[in-house]
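Visitor: Could you take me on a close look at one part of this structure, and then show me how that part sits in the rest? I'm in my first year, so please go step by step.

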Amino acid sequence: MVLSQIMQLLTGIFEGLLGIPLFGGLYIMGSGYTPLFVMLVLHIITLVLASRDRRWIAGSVLGIITSIIGFIPIIGMVMHWITSIVLIVSVFQSRRY
């Protein structure tokens, strides 16, 4: 596994945790929306690494969008789920050329 795959897996797991109903929302709001900013930074780093390694970047792009609109209660939760799935699937995708 290359570093970009590890980052995709980690950000996918984190997105999944943030998408847990009630828990994720309470954690995000209770932390002053800081987790969304942290995830935005992690998605940007993952995007750069994935681009460098010529890996699938759709999950990272979707993660950046999710981090920006993740403060909207139900839409944010669903976006976290979708982003988590896309990122974890992208770990197992072959390189793009």
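**Two helices side by side**

Guide: Let's start with helix H1 (residues 3-18) and helix H3 (residues 34-52), whose axes come within 9 Å and cross at roughly 155°. Angles over 145 degrees count as roughly antiparallel, so H1 is roughly antiparallel to H3. The crossing of this pair is left-handed. Keep in mind that you're looking at a predicted model.

Now, who touches whom? On the H1 side you'll find Leu3, Ser4, Met7, Gln8, Thr11, Phe14, Glu15 and Leu18, and they meet Pro35, Met39, Leu42, His43, Ile45, Thr46, Leu49 and Ala50 in H3. Sort the residues of this contact by type and you get 10 nonpolar, 5 polar and 1 charged.

To get from H1 to H3 along the chain, you pass helix H2 (23-30) and the loops on either side, and each loop has a residue to look at. Leucine 22 is in the loop between H1 and H2. Its phi is positive, about 70°, although leucine 22 is not a glycine. Leucine 22 has a relative accessibility of 65%, so it counts as exposed. Next comes tyrosine 33, in the loop between H2 and H3. Tyrosine 33 isn't a glycine either, yet it has a positive phi of about 65°. With 37% relative accessibility, tyrosine 33 counts as partly exposed.

Let's move on to another pair, helix H4 (residues 58-69) and helix H5 (residues 73-91). Their axes come within 9 Å and cross at roughly 165°, so H4 and H5 are roughly antiparallel to each other. H4 passes H5 in a left-handed crossing. In H4, the residues Ala58, Gly59, Ser60, Leu62, Gly63, Ile65, Thr66 and Ile69 meet a set in H5: Ile75, Gly76, Met79, His80, Ile82, Thr83, Val86 and Leu87. The residues of this contact split into 9 nonpolar, 7 polar and no charged.

Zoom in on serine 60, which lies in H4. Is it buried or exposed? Serine 60 has a relative accessible area of 0%, so it is buried. Setting aside the neighbours within four places in sequence, serine 60 is in contact with His43, Thr46, Leu47 and Leu87. Two of those names should ring a bell: His43 and Thr46 are on the H3 side of the contact with H1. Leu87, meanwhile, is in H5, where it takes part in the contact with H4. You can also follow serine 60 to threonine 83: the two are 23 residues apart in sequence, and their C-alpha atoms are 8.1 Å apart in space.

Time to step back and see the whole chain. The protein chain has 5 helices and 0 strands, so to speak a run of α-α-α-α-α when you read along the sequence. Its C-alpha atoms fill a box of roughly 40 × 20 × 20 Å along the principal axes. For 97 residues, a compact globule would have a radius of gyration near 13 Å, and the protein chain agrees because it has 13 Å. Of those 97 residues, 38% count as buried. Finally, among contacts in the protein chain with a separation of 6 or more, 70% come from residues 24 or more positions apart.

Technical notes. Residues numbered from 1 in each chain as written. Predicted model: local features only at pLDDT ≥ 70, side-chain atom pairs only at ≥ 80, totals over all residues. Heavy atoms only, no water. Axes fitted to C-alpha atoms, helices over the stretch in contact; angles between N-to-C directions. Helix = DSSP H or I, 4+ residues; strand = E, 2+ residues; numbered from the N terminus. Parallel < 35°, antiparallel > 145°, perpendicular 65-115°, else oblique. Left-handed = near helix turned anticlockwise from the far one by under 90°. Contact = heavy atoms within 4.5 Å. Nonpolar A, V, L, I, M, F, W, Y, C, P; charged D, E, K, R; others polar. Rg over C-alpha atoms; globule rule 2.2 N^0.38 Å. Buried < 20%, exposed > 50% of the residue type's maximum accessible area, 1.4 Å probe, protein only.
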